[in-house]
Every structure is written in C-alpha cells, then in structure tokens.
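This report describes the surroundings of a bound ligand and a strand of the same protein. Please consult the sequence and the structure shown here.

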Amino acid sequence: MRLDIISIFPEYFAPLGVSLIGKARERGTLDVRVHQLRDWAHDVHKTVDDTPYGGGPGMVMKPEVWGEAIDDVIGDGGPRMIVPTPSGRPFTQELAQELAGEEWLLFACGRYEGIDSRVMAEYGSRLRVDEVSIGDYVLAGGEVAVLVMVEAIGRLLPGVLGNVRSAVDDSFAPGAMRNLLEGPVYTKPPVWRGHEVPEVLLSGHHGKVARWRRDQALRRTVATRPELLAEIDAETLDKHDRRLLDELAFRVPPEDVAN
Ligand code: ADE
C-alpha cells in the first residue's frame, strides 16, 4: 500500500519509522511518503494560510498551495483522499478495514481553521474524498489524527501483525465478539503483589476459559459502553449471555422478535 501525507509538520510522522509500521515499511508492505506543504508555497515567507472570508477567528489554508501540492503528488494517479477534520465522518474499525483494502491513500493534514473547502470540492470530482474525524474533540491539526488512522489501517495489512489472530479478536472486529469490549488479560506470575490470576485461566479447560472471557467482555461492555451492546445483533447472544445480562439488569430484545 502507498501512503502519501502532506503536512506543514512532516516531523510529526517520525513514529511511522517505529515498531510494526516501521517494519512494514522496511519490508516494502507499506510505502509511506511524507511531503512538506510549504514546498509548494511561492512567496518568501512560504505562506500557506490567510484570513477567512466572512470574518471570524483563525486562519484558513490557501487552496492554490494545496492544489499544486496534490497535483504534483498524485500525477496521473487516483488515490483515495482522506482529510482529517473534527467535522468529518467518524473513523471506525469498519472504515479502517475499508481503507486497508485500498492500494493508495493520500492524507491532507489541515492546521488552523482548516483547508479552503474548494480543495475538497475540486478533488471530490476526481478522486474519492472523505473528511474523517477520529473523535469528538478538537486537536490542533490533522497530523495526530493521521498517525492514529495509519496505525489502525497498517496493522490490518496482510503480514503486518505477527499474530494474525490478534486482529480477529479486536473489540470492534467483525465476527462473534463484534460490539463487545475485550476483557482483562493476564500473564505470569500467577500471583503478583497479592493479586491472583483468575483460577479458570490456569485450568487448561478451553471451553470454560472461552465462556469466562465472554462473560468478562459482556460485563465490561455493560459497565463502560452500554450503547455498543444496545446495537448488538440479538442472534449472537446465547442463553448464558442472556442470563448474565439479565443479572446485570441490562435489557436486550427478546430472541424471537429480534429484527
Ligand atoms: N483535526 C482536529 N481535530 C480532529 C479530529 N478530532 N479528528 C480528525 N482531525 C482533526
């Protein structure tokens, strides 16, 4: 997969040389190219922003600089373009999966009050452009959001995760554990500062371990993200799940009227 990132702070992307993503780049699974937007600014000050039409605080990134930068980076090609912004569509595991299936992504990092909207209009008519938010909070710019997205997408690429099962077990991955948060995990020693590892995990009984893990996932989801569980496909809940949720006073749709 090829990834182009355009930003006025290329230094932000140093972490992409580290760990799983760094190794994927060394192997050639990922071809990451980071570009300095100011290279396409022509005045002595390398200006990339200006005051907003209509007034108001802050500055807006100029369309001409972005246009030249994107034209040069994409050439005759057609990457999928992602613009991080708090007003975008939510970045979810589902979107990460979808983007992991693309051959080429271009990330355009805005700073200040954002990029002149005509840039998205212009490239929206030639490329697939998505404005994407990583959460309901406001960062100082799109760079950190791009780091988050690249890590989430990169680890889904074939051969990037050492253990293929790790991605399958994710809280938000499709499949049986979808919409359930993962429960607690433990390693050796069996007792640490008086805290014991739950007995069942030492039992070697795979069925009981799986059931215990599912109970923990249900409990944790009810406690911290009940709205996720409210969205769960009722058909994926077995009798034991229903009994536990009943004990926790969490109401799920009855089996026979599930839509
Ligand atoms: N830029 C600033 N805040 C952001 C957010 N929450 N998501 C994506 N890009 C952003």
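How do the residues of the shell around the ligand divide into nonpolar, polar and charged? There are eight nonpolar, four polar and no charged residues; Ala, Val, Leu, Ile, Met, Phe, Trp, Tyr, Cys and Pro count as nonpolar, Asp, Glu, Lys and Arg as charged, and the others, Gly among them, as polar. The model is predicted, with local features needing pLDDT of at least 70 and side-chain atom pairs pLDDT 80 or more, while totals for chains, interfaces and linings use all residues. Residues are numbered from 1 along each chain as its sequence is written, and side-chain values use heavy atoms, leaving out hydrogens and water.

**Ligand**

Among the residues surrounding the ligand (a heavy atom within 4 Å) are P84, T85, P86 and V132. Strand β5 (80-90) gives the largest share of this shell, three residues. Nitrogen of the ligand lies close to these backbone N or O atoms (polar contact: N or O atoms within 3.5 Å):

| Residue | Distance to a ligand nitrogen atom |
|---|---|
| I134 | 3.0 Å |
| G135 | 3.1 Å |
| Y137 | 2.8 Å |

The protein covers 97% of the 260 Å² of accessible area (Shrake-Rupley method, 1.4 Å probe) that the ligand has on its own.

**Strand β6**

Strands are DSSP runs of E with at least two residues, numbered from the N terminus. Five of the five residues of β6 (residues 104-108) are buried (under 20% relative accessible area), so this strand is largely enclosed by the rest of the structure. W104, L106 and A108 point one way, L105 and F107 the other.

Strands pair if DSSP finds at least two bridges between them. Strand β1 (residues 2-7) runs parallel to β6, joined by five bridges, and D4 has L106 as its bridge partner. β5 also pairs with β6 in the parallel sense, over three bridges, with R80 opposite L105.

How values were computed:
Polar contact = N/O pair within 3.5 Å; in protein donor to acceptor, adjacent residues only side chain to side chain. Helix = DSSP H or I, 4+ residues; strand = E, 2+ residues; numbered from the N terminus. Buried < 20%, exposed > 50% of the residue type's maximum accessible area, 1.4 Å probe, protein only.
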